[in-house]
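Trainee: I'd like to go through this one with you, piece by piece. Let's get the structure up on screen.

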Amino acid sequence: EKIRIEIISLCLTESRILSDETIQQLFVECTFYNFVLEETPLSLPKPTSGQRIHYNYSNVIHVDKANNHTRREYLKSMLLKPDLHTDSLRFTVVSDPLEGEQDLECEDIGFAHVSLREIFQKQRDIIEEDIDIFHSRDDSAVIGKLKVTVEALHALRSVYKECKDD
């Protein structure tokens, strides 16, 4: 009864971000609905054009009945109400200032999404796939790729079966 998320690697393609001197270190945060799930424990140096930085970070979100009722109920409502617009895991690429730059703050530079509803509809997990990262100020501009794994199908099937049994 769990969802496994792995943030594998990141590459940037947008020249404005690659050339921005204020962006030096990057980490990735993952949120689902209003639950902040996790962020990569390390900020890594911004990759150069065509280079990938590797986080190889994995996290498990428990959605069992006993201890995670709220998350489970949310998954149920998401599967039963297709008009909910909050069916996605959201990955945020964040610029993390270097040690000596206390005047700068963390800044979101891009977003990527994985739809849990789509995983359920297609009946397949996302395994080491590149997803587009969109610019935080222009959601039509792709700034790079984030390689992720999202294993959620088993948990979603379990939640769906429970909906049918209720």
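**Strands, salt bridges and empty spaces**

Trainee: Which strand pairs with β2 in the antiparallel sense over two bridges?

Mentor: Two strands pair if DSSP finds at least two bridges between them. Strands are DSSP runs of E with at least two residues, helices are runs of H or I with at least four, and both are numbered from the N terminus. One contact here links Q25 to its bridge partner P45. With two antiparallel bridges, the strand paired to β2 (25-32) is β4 (44-45).

Trainee: What kind of model is this?

Mentor: Residues are numbered from 1 along each chain as its sequence is written, and side-chain values use heavy atoms, with hydrogens and water left out. Local features need pLDDT of at least 70 and side-chain atom pairs count only at pLDDT 80 or more, while totals for chains, interfaces and linings use all residues, since the model is predicted.

Trainee: How many bridges join β2 to β6?

Mentor: Strand β6 covers residues 88-96, and it runs antiparallel to β2. In that pairing, L26 has S95 as its bridge partner. The number of bridges joining β2 to β6 is eight.

Trainee: How many residues of β2 are buried?

Mentor: Buried means under 20% relative accessible area, exposed means over 50%, and partly exposed is in between (1.4 Å probe, protein chains only). Across the whole protein, 47% of the 166 residues count as buried. Strand β2 is mostly covered, and of its eight residues the buried ones number seven.

Trainee: What pattern do the helices and strands follow along the sequence?

Mentor: There are four helices and nine strands to place. The C-alpha trace that carries them spans about 55 × 30 × 25 Å along its principal axes. Read along the sequence, the order is β-α-β-β-β-β-α-β-β-α-β-β-α.

Trainee: On to the charges. How many salt bridges does the structure hold?

Mentor: A salt bridge is a side-chain nitrogen of Lys or Arg within 4 Å of a carboxyl oxygen of Asp or Glu. R16 makes one with E14, their closest N and O atoms being 3.0 Å apart, and E14 counts as buried at 14% relative accessibility. The total for the structure is 14.

Trainee: Is E6, the salt-bridge partner of R4, buried or exposed?

Mentor: The closest N and O atoms of R4 and E6 are 3.2 Å apart. R4 is partly exposed, at 22% relative accessible area. E6 has a relative accessible area of 17%, so E6 is buried.

Trainee: How far apart in sequence are the parts that R137 and E107 tie together?

Mentor: Their side chains meet in a salt bridge, 2.5 Å from N to O. R137 counts as exposed at 65%, while E107 is partly exposed at 32%. R137 lies in the loop between β8 and β9 (142-151) and E107 lies in strand β7, so the pair ties together parts separated in sequence by 30 residues.

Trainee: Which residues join E1 in one network of salt bridges?

Mentor: E1 lies in the segment before β1, and E1 is partly exposed at 37% relative accessible area. E1 and R72 are 71 residues apart along the chain, with 9.5 Å between their C-alpha atoms. Through salt bridges that share partners, E1 is joined in one network with K65, R72, E73, K76 and E162.

Trainee: Now the empty spaces. What is the volume of the largest cavity?

Mentor: On a 1 Å grid over the protein atoms alone, a cavity is a set of points where a 1.4 Å probe fits but cannot get out; a pocket is an open set with protein on both sides within 12 Å along at least five of seven lines, and lining residues have an atom within 4 Å of a point. Points join across faces, edges and corners, and a volume is the space filled by probe spheres set on them. The search finds one cavity of 30 Å³ or more. Its volume is about 30 Å³.

Trainee: Which residues line the largest cavity?

Mentor: β1 (2-12), β3 (35-39) and β5 (52-62) each supply at least two of the lining residues. The lining residues are I5, I7, C30, L37, E38, Y57 and N59.

Trainee: Which elements give two or more residues to the lining of the largest pocket?

Mentor: This pocket has a volume of about 210 Å³. Its lining includes H113, E118, K122 and D125. The elements giving two or more residues are β7 (107-115), α3 (116-122) and β8 (126-135).
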